[in-house]
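Welcome, and thanks for taking a look at this one with me. Have the viewer ready, and let us walk through the backbone and the packing together.

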Amino acid sequence: MRPGAVPILVLPMDQFWLISRGGASDVRFRLQPPGPVRVGRSNTNALVLPDVAVSREHALLEWVADGADRGAWRILDRGSSSGTRVNGVPLRPYQSLPLESGDRVDFGPVALEFIVRGADQPASTIIADSTATDTEWVEPVAPAALTAAQLEAVLAASQDIHLAETEDAVARATVDAIATATGFEDAAFVRPSSDFTEIRVLASRGPDAGRQRFSRSVLRRAKNGPVIIGDTQQADFGQTVAQSIAAFNQRQCICVPVDLGDRLFGMIYLADHGQKQVPVETLAALARSIGRVAALALSNMERSRMAQRLEAEQRAMFDGTLQALIAAIDAKDPYTRGHSARVAEYAWLIARAAGLNDEEAARARLCGLVHDIGKIGVSEGVLRKTDRLTEEEFREIAAHPVIGHAILKGIPQMADLLPGVLEHHERFDGRGYPNGTPGMEISRLGRLVAVADALDAMTTNRTYRKARPMPEAVAEVVRCSGAQFDPGFAEALARVDPRELQRVVGSHVMSGLPDVAPPAHARPHTDFLGTPAAT
């Protein structure tokens, strides 16, 4: 290692930072789990941002643990007036999102970067001058107009860049295109952290690939625009830059930002040990043009990734809400504990055996999971009653499909499940409830979940009887085909591998039932139409 140069290393594990991305603010704040960390203009916040456009109580950062010494920071907007954005995407008031290393977080006009430095990140092997403190902008040489041949090179590069499917692939395509078009010996796509304490190489090419050395002063200056250094320009950048360039045996170098608007994705660093025949300014203009194509591709990827993250967050919230509702049912009616989960799995197996596609089978599974959600609206006294139900009490129990339909109808994601929730106790012969809908007038989900629901009722233990063997329960469903059950779904159940059906029972089997009589609604009963009910 040459004198005056030190390796840039990542910091120890479990360090989380919010660091300025530029502008008038100068923030370097370490987040310490478990938090919470309040952000805003008021002095009562842990992170004070004294900008008039920042709300007094702007945002909150919370640590959510997912295991020993592991977890993630979540950011939540606290109804701020100027908004909180992650990678340019605004959060709704009181919406939260887990942060990932490298995320740009804007608290109104204050732009910060969230950085995680840990042992699981690849260590940098970059060597850079560490003595530089001068970070003022030096006006680069004005870029020259591109020739027709160079414009063709930009167009060819844009095709390769936009065909790339990952960030690293974009970086590789960009480096390859620029190195080929400019003829520079060493080329790299570099991403420094906001404070330049960590520099990551996304892609590199040349004889020094994997062990390139860069002037950190040049990288700092390139945040604002292209930096061009040839034999005649080294002195213009001060002694520090001149010494580092000479120490690296680089006669010429170009560093251009890969940016779009105020978003900096990284920098292209080109170095050469000889003298170019083509003016270095022209080559810088070519590199800059290809870099802008790469920035557009990376921006599109970032927007798509943010949409996926927000969608995953909404899905997790949706799933969590459903699980909470199902847990509430189980708490009211312990004899049905695990019932919804088993019905969901049976519904999926029956749907697949019936020839439904993956998406349709997934919706059947979800319908099975929520089919009894309406029991939340049934009194515990009726749910847990051990004597025979009165006519009035049976009507209350029989109302749970209607209650479930009412609970879920305000959730857009559940719209296509509503018929199944409402009709899972309808019978094929029209003698079911709540509406006595017959045959194929019953929704497909209603007919399917009815089979899954009955199967679980017959194959799980109750204090008054043992579970029926799975083959016997399947045979009973087939026997009732055309009367209680849709013949098509009854036959589909018969085609399911018995081992798969038994696996569902084993995965969700109840244990430790209280030694008391079961509630009346959990026992076989005769409904008020005089027909034996299977559930």
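## Two cis peptide bonds

Proline 434 sits in the loop that links helix H11 (418-423) with helix H12 (444-459). The peptide bond leading into this proline from tyrosine 433 is cis, and its omega is near 15°. Keep in mind as you inspect such angles that this is a predicted model.

Another cis bond runs from glycine 35 to proline 36, with omega near -5°. Proline 36 also belongs to a loop, here between strand S3 (28-31) and strand S4 (37-40).

## Positive phi outside glycine

Asparagine 87 is not a glycine, yet its phi is positive, near 50°. You will find asparagine 87 in the loop between strand S8 (84-86) and strand S9 (89-90). Is asparagine 87 buried or exposed? With a relative accessible area of 9%, asparagine 87 is buried.

Tyrosine 94 is another non-glycine residue with a positive phi, about 65°. The loop between S9 and strand S10 (96-98) holds tyrosine 94. This tyrosine 94 is exposed, at a relative accessible area of 57%.

## The chain as a whole

Stepping back, the chain contains 15 helices and 18 strands. Of its 535 residues, 50% are buried. The exposed area comes to about 24,300 Å², and carbon and sulfur atoms supply 53% of that.

How much of the contact network joins residues at least 24 apart? Counting contacts between residues at least 6 apart in sequence, the share is 64%.

## Nonpolar cores

In soluble globular proteins, nonpolar side chains tend to be buried together. Here the largest nonpolar core has 46 residues, and those touching the most other members are Tyr346, Ile350, Met414, Leu448, Leu455, Leu493 and Leu501. At least two residues of this core come from each of helix H5 (280-332), helix H6 (339-353), helix H7 (358-370), H11, H12, helix H13 (470-479), helix H14 (487-495) and helix H15 (498-508). H12 gives the most, with eight residues.

Isoleucine 350 is a good place to zoom in. Leaving aside residues up to four places away in sequence, isoleucine 350 touches Leu448, Val451, Ala452, Phe489, Ala492, Leu493 and Val496. A second core, separate from the largest one, has 36 residues, among them Ile161, Ala177, Ile228 and Phe265.

Definitions and conventions. Residues are numbered from 1 along each chain as its sequence is written. This is a predicted model: local features need pLDDT of at least 70, side-chain atom pairs count only at pLDDT 80 or more; totals for chains, interfaces and linings use all residues. Side-chain values use heavy atoms; hydrogens and water are left out. Helices (H or I, at least four residues) and strands (E, at least two) are DSSP runs, numbered from the N terminus. Buried means under 20% relative accessible area, exposed over 50%, partly exposed in between (1.4 Å probe, protein chains only). Contact means heavy atoms within 4.5 Å. Accessible areas come from the Shrake-Rupley method with a 1.4 Å probe; for residues, only the protein chains shown count as cover. A nonpolar core is a set of buried Ala, Val, Leu, Ile, Met, Phe, Trp, Tyr and Cys residues joined through side-chain atoms within 4.5 Å.
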